[in-house]
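Here are a few exercises to work through with the viewer open. Try each task before reading its solution.

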Amino acid sequence: MKLPRRVRLVEVGARDGLQNEPVMIDSVDKIALINRLSATGLSTIEVSSFVSPRLVPQMADAAKVLAGIDRLPGVSYPVLVPNRKGLEAAISAGAEEVAVFCAASETFSQRNINCSVAQSLERFAKVTELALSHGMKVRGYISCVAGCPYEGAVDAVVVADIAARLIELGCYEISLGDTIGVATPNQVLALIDVVAANVPRHYLAVHFHDTYGQALANILVAIESGITVVDSSVAGLGGCPFAPGSSGNIATEDVLYMLNGLGISTGVDLDTLIEVGLFIGNLLNRPSGSKVALARSTVARGCS
Ligand code: HMG
Ligand code: MG
């Protein structure tokens, strides 16, 4: 196996996770969650999103959360922005990094951000320009890279073209989102090959939801093919409110367990991270979605 020596984990639980949880978490608890995540050694922790509070009430306190967290040196705390209004709010709240998000499917784009893919790229050109002029870093997401909940199959060439455009706009990294978790390893390899023809692999990250239990296998083949940035969500929180059937992201604990076993460094401490997963699980009143955390607690209770 050809494996990287180091992988950067992008923790999305406080945003992609909590945006889809029916239980509303208090801002103080979100702040505590993010501060605990900071203590695990993670270097990128998504904080929230500046989107319509009517559509995504769970993220309505983005400014309060961003203002309340302790920002550690060397750690990035990005927030999602769908348009200029979101960016301006993020700037006022002191964000240093934002993420723009488009889709490889027209219907998903309409349902998610109420505009076509082409309109979203025009919008994000202006948003990215303004963000860069404020010295911010901009990450780009592409959703539905392996399938759309409304349209089914998605053409990898469309994903590659959007990725190239986002890089042209100034995004430093493109996260390929399997929003509904349908991809299988061969499809992931084929997709990465097509995208990498337009955008070198060191610009790419992978973002797998685990709906069909394929995420770890997909991550393994992605890193074997040269990808070194992986999005994941503590306790496997999450999903997308605009993608029916989208379950949680792959749990960060489970990705980390695999990477540790492969001898790949991340700088993240597994035991501390498991504790953070239990903390948020308690607040949500449900067990962790991490298999590693569940296995550890079963062993601790002495069950066979
Ligand atoms: P719109 O209705 O077209 O916007 O929504 P509009 O410009 O016509 O404005 C309508 C109202 O929304 C106005 O308020 C605006 O002020 C307000 P009113 O005058 O009616 O009182 N508004 C805003 N409020 C707060 N923040 C803003 C903002 N913009 C307008 N930024 C919009 C367009 C994009 C705003 C809307 O569709 C939206 O917020 N969508 C939310 C999308 C979202 O959060 N999706 C989940 C994140 S993406 C994801 O999870 C996938 C990912 O994880 C990768 C993967 O898994 O694939 C990233
Ligand atoms: Mg997602």
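Two strands count as paired if DSSP finds at least two bridges between them. Keep in mind that this is a predicted model.

**Exercise 1. Work out which residue of β9 stands opposite His207, and how β8 and β9 pair.**

Step 1: Start with the strands. β8 and β9 pair in the parallel sense, with two bridges between them, and that meets the cut-off of at least two.

Step 2: Go to His207; the residue opposite, in β9, is Asp231.

Step 3: Look at which way the β9 side chains go. Val229 and Asp231 point one way, Val230 and Ser232 point the other way, and all are buried. That fits a general pattern: side chains in a regular strand alternate between the two faces of the sheet.

Step 4: Now turn to β1, which is joined to β9 by four bridges, again running parallel. Here Arg8 has Val229 as its bridge partner in β9.

**Exercise 2. Put the strands of the sheet in order and find the edges.**

Step 1: Walk across the sheet. You should get β2-β1-β9-β8-β7-β6-β5-β4-β3, nine strands in an open sheet with parallel pairing.

Step 2: Check the ends. β2 (44-45) and β3 (48-49) each have a single partner strand, so one side of each has no neighbour in the sheet.

Step 3: Zoom in on β3. Two bridges join β3 to β4 (residues 79-80), and Ser49 has Leu80 as its bridge partner in β4.

**Exercise 3. Identify the donors of the magnesium ion (ligand 2) and trace them along the chain.**

Step 1: List the donors. They are Asp16 (OD), His207 (NE2) and His209 (NE2), at 2.0 to 2.3 Å.

Step 2: Write the spacing along the chain: D-x190-H-x1-H.

Step 3: Place the two ends of that pattern. Asp16 sits in helix α1 (residues 13-17), while His209 is in the loop between β8 (204-208) and α9 (215-224), so to speak a long hop of 193 residues.Step 4: Decide whether these ends are buried or exposed. Asp16 has a relative accessible area of 2% and His209 one of 3%; the cut-off for buried is under 20%, so both are buried.

**Exercise 4. Say what the buried residues of α9 pack against.**

Step 1: Pick out the buried residues of α9: Ala215, Asn218, Ile219, Val221, Ala222 and Ile223.

Step 2: Find their partners. The buried residues of α9 pack against α8 (185-196), β8, β9 and α10.

Step 3: Follow α10 (residues 252-261) onwards. This helix lies across β1 (8-11) and β9 (229-232), and its angle to β1 is about 175°.

Step 4: Go back to the end of α9. Just after it, Gly226 has a positive phi of about 110°.

**Exercise 5. Find the polar contacts that Lys85, Gly86 and Ser143 make with ligand 1.**

Step 1: Get the surroundings first. Ligand 1 has 25 residues around it, and the closest are Ser52, Asn112, Asn114, Ser143 and Thr179.

Step 2: Take Ser143. One of its polar side-chain atoms is 2.7 Å from an oxygen atom of ligand 1.

Step 3: Add Lys85, where an N or O atom of the side chain is 3.3 Å from an oxygen atom of the ligand.

Step 4: Finish with Gly86. Here a backbone N or O atom lies 3.3 Å from a nitrogen atom of ligand 1.

Methods: Residues are numbered from 1 along each chain as its sequence is written. Chains are lettered from A and ligands numbered from 1 in the order in which they are written. This is a predicted model: local features need pLDDT of at least 70, side-chain atom pairs count only at pLDDT 80 or more; totals for chains, interfaces and linings use all residues. Side-chain values use heavy atoms; hydrogens and water are left out. Contact means heavy atoms within 4.5 Å. Axes are lines fitted to C-alpha atoms, for helices over the stretch in contact, and angles run from 0 to 180 degrees between N-to-C directions. Donors are N, O and S atoms within 2.8 Å of the metal (3.2 Å for Na, K and Ca); water is not among the atoms, so sites may look incomplete. Buried means under 20% relative accessible area, exposed over 50%, partly exposed in between (1.4 Å probe, protein chains only). A residue is near a molecule or strand if one of its heavy atoms lies within 4 Å of it. A polar contact is a pair of N or O atoms within 3.5 Å; within protein, one must be able to donate a hydrogen and the other to accept it, and residues adjacent in sequence count only if both atoms are side-chain atoms.
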